[in-house]
Amino acid sequence: MKTGLKITAFAAAVAATFGTAYGVGKGVDPVTAGEQKTAGHAGGGHAEEAQEAQDGRAGHGTSDAGAAAVPGGLQISERGYTLDLRTRHIAAAGERTELSFAITKDDTGRKVTAYRTEHGKQLHLIVASRDLTVYRHLHPARAADGTWKTPVELPKAGGYRVFADFTPQAEKEGLTLGADLAVAGKYAPRDLPAASRTAGAGDGYEVRLSGGLGAGSASELTLSVARNGKPVTDLQPYLGSYGHLVALRCGDLAYLHVHPNKGKPGPEVSFTATAPSTGTYRLFLDFKHNGTVRTAEFTVHAGKSAGDHPKEHGH
């Protein structure tokens with residue numbers, strides 16, 4: 001996936017606005033050419049090349065060089081493409097529902113049917129609650145007419161944002177489009193979880209975050225996976241990488257999807273990122289172990305420098 005903070009493949013570096021690195025391109029060799037059918041997803045639930053990131057090009061969701069760039073996911077239409085979300089309301093929280101949508105081109109409403117494959121998939125779909133306490137990373141199926149569908153079950157009522165991350169076959173650069181989704185029912189917003197250096201992922205898994213997120217300057221973040229206190233050194237490839245990171249900026253849900261730097265299958269997965277502004281961000285790390293994809297969630301604060309952060313729990 002692709003836009004938001006600028007990165008160098010699970011890593012890249014952005015300047016002034018969110019950049020993108022879905023596929024990692026030349027900078028990071030994928031673990032596999034593509035991912036086979038994956039096992040279940042627990043706990044929640046591409047492509048500028050690294051050279052472009054180094055050149056300072058904006059990436060997905062940006063305009064031409066020299067123009068102000070718009071972070072990914074904030075617009076429903078961009079560069080002639082529109083996210084046509086057919087399912088805009090879900091009747092009840094906890095109800096299994098089929099999300100239906102299409103990507104259309106220009107004013108004709110013609111559905112796009114040809115996409116580039118990025119990390120084993122033609123399109124990645126993220127659904128996140130507005131308060132950033134619910135996150136789903138989905139991979140919908142596309143019909144021949146260009147309609148995409150995927151089942152989803154959202155645990156609470158309220159507002160959500162749907163992000164479609166893709167690269168049309170006719171384009172060299174990908175983009176991320178966003179649309180609103182509402183789940184009916186009594187809504188009780190939650191406070192954003194406190195910033196912490198550790199996050200659980202169920203079944204004894206714990207992920208520790210090292211490093212800091214700097215605004216306007218590149219910084220390295222390292223995520224270390226352990227289970228029952230022991231380092232996990234045999235992470236499995238998931239969609240061609242040992243880990244995937246989605247970052248959402250609190251307040252407007254500007255979007256970023258990055259992939260890790262080239263490395264071993266654990267316990268550490270690292271990436272380099274530059275936040276476009278100071279403030280609070282929510283990070284969602286997907287990793288695969290023992291056949292199951294898990295998600296670890298973090299709240300982080302981007303300071304003027306990588307070390308300029310408020311005191312965090314678990315640090």
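Aromatic rings of Phe, Tyr and Trp are taken to pair if their centres lie within 6.5 Å. In the predicted model described here, Phe101, Tyr115, Trp148 and Phe166 form one aromatic cluster. The structure holds 6 aromatic pairs. One of the pairs, formed by tyrosine 135 and phenylalanine 284, is stacked, with 4.2 Å from centre to centre and 5° between the planes. Because tyrosine 135 belongs to strand E8 (residues 135-138) and phenylalanine 284 to strand E21, this pair ties together parts that are 149 residues apart in sequence. Tyrosine 135 and phenylalanine 284 are both buried.

The protein chain as a whole comprises 1 helix and 22 strands. Of its 315 residues, 53% are buried. The chain exposes about 12,800 Å², of which carbon and sulfur atoms supply 47%. The mean pLDDT of the chain is 78, and 74% of the residues reach 70 or more. Confidence stays under 50 in residues 2-41, a segment for which the model has 193 contacts beyond four places in sequence. A pLDDT under 50 is likewise found over residues 309-315, with 18 contacts beyond four places in sequence. Where pLDDT is low, the predicted coordinates should not be read in detail.

Strand E8 also takes part in an open sheet of 5 strands, arranged in the order E4-E12-E11-E7-E8 with mixed pairing. Strands E4 (89-90) and E8 occupy the edges and have a single partner strand each, so one side of each is left without a neighbour in the sheet. Within this sheet, strand E11 (residues 158-166) pairs with strand E12 (residues 175-183) in the antiparallel sense over 9 bridges. Aspartate 165 stands opposite threonine 176 of E12. Phe166, a member of the aromatic cluster, is also one of the 26 residues of a nonpolar core that includes Leu85, Tyr160 and Ala179.

A further set of pairings centres on strand E16 (residues 219-227), in which 7 of the 9 residues are buried. Strand E14 (residues 205-211) pairs with E16 in the antiparallel sense over 7 bridges, and tyrosine 205 has arginine 227 of E16 as its bridge partner. Strand E20 (residues 268-274) is likewise antiparallel to E16, the two being paired over 6 bridges; here glutamate 220 stands opposite threonine 272 of E20. Strand E17 (residues 230-231) runs antiparallel to E16 and is joined to it by 2 bridges. In E17, proline 231 is the bridge partner of alanine 226. The hairpin of E16 and E17 has 2 residues between the strands, and asparagine 228 in this hairpin takes a positive phi near 50°.

In soluble globular proteins, nonpolar side chains tend to be buried together. The largest nonpolar core of the model contains 27 residues, of which Val207, Leu213, Leu223, Phe287 and Phe298 touch the most other members. Two or more residues of this core come from each of E14, E16, strand E18 (244-249), E20, strand E21 (279-289) and strand E22 (292-303). The core of 26 residues, with Leu85, Tyr160, Phe166 and Ala179 among its members, lies apart from this largest core.

Methods
Residues numbered from 1 in each chain as written. Predicted model: local features only at pLDDT ≥ 70, side-chain atom pairs only at ≥ 80, totals over all residues. Heavy atoms only, no water. Buried < 20%, exposed > 50% of the residue type's maximum accessible area, 1.4 Å probe, protein only. Helix = DSSP H or I, 4+ residues; strand = E, 2+ residues; numbered from the N terminus. Pairing = 2+ DSSP bridges. Core = buried A, V, L, I, M, F, W, Y, C linked by side-chain atoms within 4.5 Å. pLDDT = per-residue confidence, 0-100. Contact = heavy atoms within 4.5 Å. Areas by Shrake-Rupley, 256 points an atom, 1.4 Å probe, with all protein chains shown as cover. Phe/Tyr/Trp six-rings, centres within 6.5 Å; stacked < 30°, edge-to-face > 60°.
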